[in-house]
Amino acid sequence: QMYTEEMLDFINNCLYSTKDIESLGIPRTLSCDGPTGIVNFLGTGEVYGTNYYCSECLVAQTYNVELAKAEGLALGNECLLGDARPTGSHISYTGWYAPAVNIHRSPFSGRNTEYYSEDPFLAGKMAASLIEGAQEKGVYTNIKHFALNDQETHRSINGDISWCNEQAIREIYLRPFEIGVKEGHTHGLMTSFNRIGATWAGGDYRLCTQILREEWGFCGSVINDFHTSEYMDGEQMAYAGGDVNLSGSAFWSCKDFEDVGNYNVLRNAAHNILY
């Protein structure tokens, strides 16, 4: 029921939000960021009057999945209540770019505070409980950063490269995501900056379609991590199974929708976002 131009505009303008589609009565969505609570440094400016939660490392040290679910419920409530603007208005959130489940490969990783553990089973179980709590409130989660994201230094300079064999990838680095999808039933997922071998993770068909959707049965939307470099190609993302572009500018400029392949991947992306 959507024109191709509407669908293209839909996936190209998703900076912490999705646009409303007036012709179909579909409202816009608004997402917040960060595993420690409602953080939004690009979408709506500063955040007011919300809680700042402890790091995922500390939550994981409790080994308490009930506590993780309680945190998810609390965050879900906060998203619904929204943050209070100085003007007296409130902004509520429908989505949350969290939890983050990458592995602590080194104590020097620049983003360890966002991740639970060096243990994939523990990370997956804590994340699944958190996801369950947040989504009980109708707030969709985007588990991240898929996958093998293990450094911040030079992360977007043509894509830092993660070399790994398939057994380690499946048993260690993908395991927490798999638990989050199969047990937490997350409705969203965010890919990562890095390359796996030579292939950008957000444009990796093996990762975003064959494993995530076909093996694990994921049927939500996949968003890329913030688009900052030319190696993150919009057409590659769409053909790999990605749906949403986290960027303030157009990501996929393709206009040739007489091409059946282009039309189908665009239609699938819009369908996944709307789902």
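Two strands are said to pair if DSSP finds at least two bridges between them. With that rule in hand, the sheet of this predicted model can be described.

**The sheet**

Six strands make up an open sheet, and their order across the sheet is β1-β2-β5-β6-β8-β11. The pairing in this sheet is mixed. At the edges stand β1 (17-18) and β11, each of which pairs on one side only. In general, the strands of a sheet pair through backbone hydrogen bonds, in either a parallel or an antiparallel sense. How do β8 and β11 pair, parallel or antiparallel? Strand β8 (residues 188-191) pairs with β11 in the parallel sense, over three bridges. Within this part of the sheet, Gly188 stands opposite Ser221 in β11.

**Salt bridges**

Side chains of opposite charge can pair when their charged atoms come close. In this model the count comes to 14 salt bridges. Three of them are set out below, with the distance between the closest N and O atoms.

| Pair | N to O distance | Relative accessibility |
|---|---|---|
| Lys69 and Glu132 | 3.3 Å | Lys69 24%, Glu132 37% |
| Glu114 and Arg111 | 3.1 Å | Glu114 18%, Arg111 15% |
| Glu166 and Arg170 | 2.9 Å | Glu166 53%, Arg170 30% |

The salt bridge of Lys69 with Glu132 links distant parts of the chain: Lys69 lies in helix α3 (residues 65-81) and Glu132 in helix α4 (residues 120-136), 63 residues apart. Both residues also belong to a network of salt bridges that includes Glu136.

The pair Glu166 and Arg170 has another setting, for both residues lie in helix α5 (residues 166-173), four residues apart, which is about one turn of the helix. Glu166 counts as exposed because its relative accessibility is 53%, and the cut-off for exposed is over 50%. Arg170, at 30%, is partly exposed.

Why does Glu114 count as buried? Its relative accessibility is 18%, and buried means under 20%, so Glu114 falls in that class. Arg111, the partner of Glu114 in a salt bridge, is likewise buried, at 15%.

**A patch of negative charge**

On the surface, Asp233, Glu235, Asp256, Glu258 and Asp259 gather in a patch of negative charge. One of these residues, Asp233, is found in the loop between β11 (221-223) and α8 (234-240). The strand that precedes this loop, β11, is also an edge strand of the sheet. Asp233 counts as partly exposed because its relative accessibility is 35%.

Key. Residues numbered from 1 in each chain as written. Predicted model: local features only at pLDDT ≥ 70, side-chain atom pairs only at ≥ 80, totals over all residues. Heavy atoms only, no water. Patch = residues over 30% accessible without salt bridge, like charges linked within 9 Å, V, L, I, M, F, W, Y side chains within 5 Å. Areas by Shrake-Rupley, 256 points an atom, 1.4 Å probe, with all protein chains shown as cover. Salt bridge = Lys/Arg side-chain N within 4 Å of Asp/Glu carboxyl O. Lys, Arg positive; Asp, Glu negative; His and termini not counted. Charge placed at Lys NZ, Arg CZ, Asp CG, Glu CD. Helix = DSSP H or I, 4+ residues; strand = E, 2+ residues; numbered from the N terminus. Buried < 20%, exposed > 50% of the residue type's maximum accessible area, 1.4 Å probe, protein only.
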